Amino acid sequence: LHLSGGIQENELPKFKQYMDGFAAVAEGLYAGAQVSTVAKHSPEQVQFINVTNEVNAGLNLITFFGHSSSNATDIDIG
């Protein structure tokens, strides 16, 4: 599961493009992963994404590309 964030308008598509590139590598011949990408749509707010179902179904990697600190991220997974 790839989570793409950003806090400025121009970062949203740029970060999503980076994540799409990472997904292409992960889904390639050598890794063979199945990647789902969830991208933040608005720079103003923290977006909540519920990953409970994916984790309980056996998801084994979550990749986040965005802004974060020790006490906050621009995507909240709970």
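A residue counts as buried under 20% relative accessible area, as exposed over 50%, and as partly exposed in between. The model on screen is predicted, and the residue numbers below run from 1 along the chain.

**Stop 1: the helix pair**

Select lysine 16. Its relative accessibility is 28%, so lysine 16 counts as partly exposed. Now add aspartate 20, which is also in the partly exposed class because its relative accessible area is 36%. The two side chains form a salt bridge, with 3.0 Å from N to O. Both residues belong to helix α1, which covers residues 11-26, and since they are four residues apart there, about one helical turn separates them.

**Stop 2: the loop-to-loop pair**

The structure holds two salt bridges. For the other, select aspartate 74 and lysine 40, whose side chains meet at 3.8 Å, N to O. Aspartate 74 sits in the loop between β4 and β5, and lysine 40 in the loop between β2 (37-39) and β3 (47-48), so this pair ties together parts that are 34 residues apart in sequence. Colour the two by accessibility: aspartate 74 is buried, because its relative accessibility is 4%, and lysine 40 is buried as well, at 5% relative accessible area.

**Stop 3: serine 70**

Stay in the loop between β4 (63-65) and β5 and select serine 70. Is serine 70 buried or exposed? With a relative accessible area of 81%, serine 70 is exposed. To place it against the helix, draw a distance from its C-alpha atom to that of leucine 12: the value is 21 Å, for residues 58 apart along the chain.

**Stop 4: the nonpolar patch**

Next select isoleucine 77, in the segment that follows β5 (75-76). Isoleucine 77 counts as partly exposed because its relative accessibility is 40%. Add Val55 and Ile62 to the selection; with Ile77 they form a nonpolar surface patch, and together the three have about 210 Å² of accessible area.

**Stop 5: the largest pocket**

Finish at the largest pocket, which holds about 260 Å³ of space. To show its lining, select Leu1, His2, Ala26, Ala31, Ala33, Gln34, Val35, Ser36, Leu59, Asn60, Leu61 and Thr63. How many residues of the lining are nonpolar, polar and charged? Seven are nonpolar and five are polar, with no charged residues in the lining.

Technical notes. This is a predicted model: local features need pLDDT of at least 70, side-chain atom pairs count only at pLDDT 80 or more; totals for chains, interfaces and linings use all residues. Side-chain values use heavy atoms; hydrogens and water are left out. Patches are made of residues with over 30% relative accessible area and no salt bridge: like charges are joined within 9 Å, nonpolar side chains (Val, Leu, Ile, Met, Phe, Trp, Tyr) within 5 Å. Accessible areas come from the Shrake-Rupley method with a 1.4 Å probe; for residues, only the protein chains shown count as cover. A salt bridge is a side-chain nitrogen of Lys or Arg within 4 Å of a carboxyl oxygen of Asp or Glu. Helices (H or I, at least four residues) and strands (E, at least two) are DSSP runs, numbered from the N terminus. Buried means under 20% relative accessible area, exposed over 50%, partly exposed in between (1.4 Å probe, protein chains only). On a 1 Å grid over the protein atoms alone, a cavity is a set of points where a 1.4 Å probe fits but cannot get out, and a pocket is an open set with protein on both sides within 12 Å along at least five of seven lines; lining residues have an atom within 4 Å of a point. Grid points are joined across faces, edges and corners, and a volume is the space filled by probe spheres set on the points. Ala, Val, Leu, Ile, Met, Phe, Trp, Tyr, Cys and Pro count as nonpolar, Asp, Glu, Lys and Arg as charged, and the others, Gly among them, as polar.
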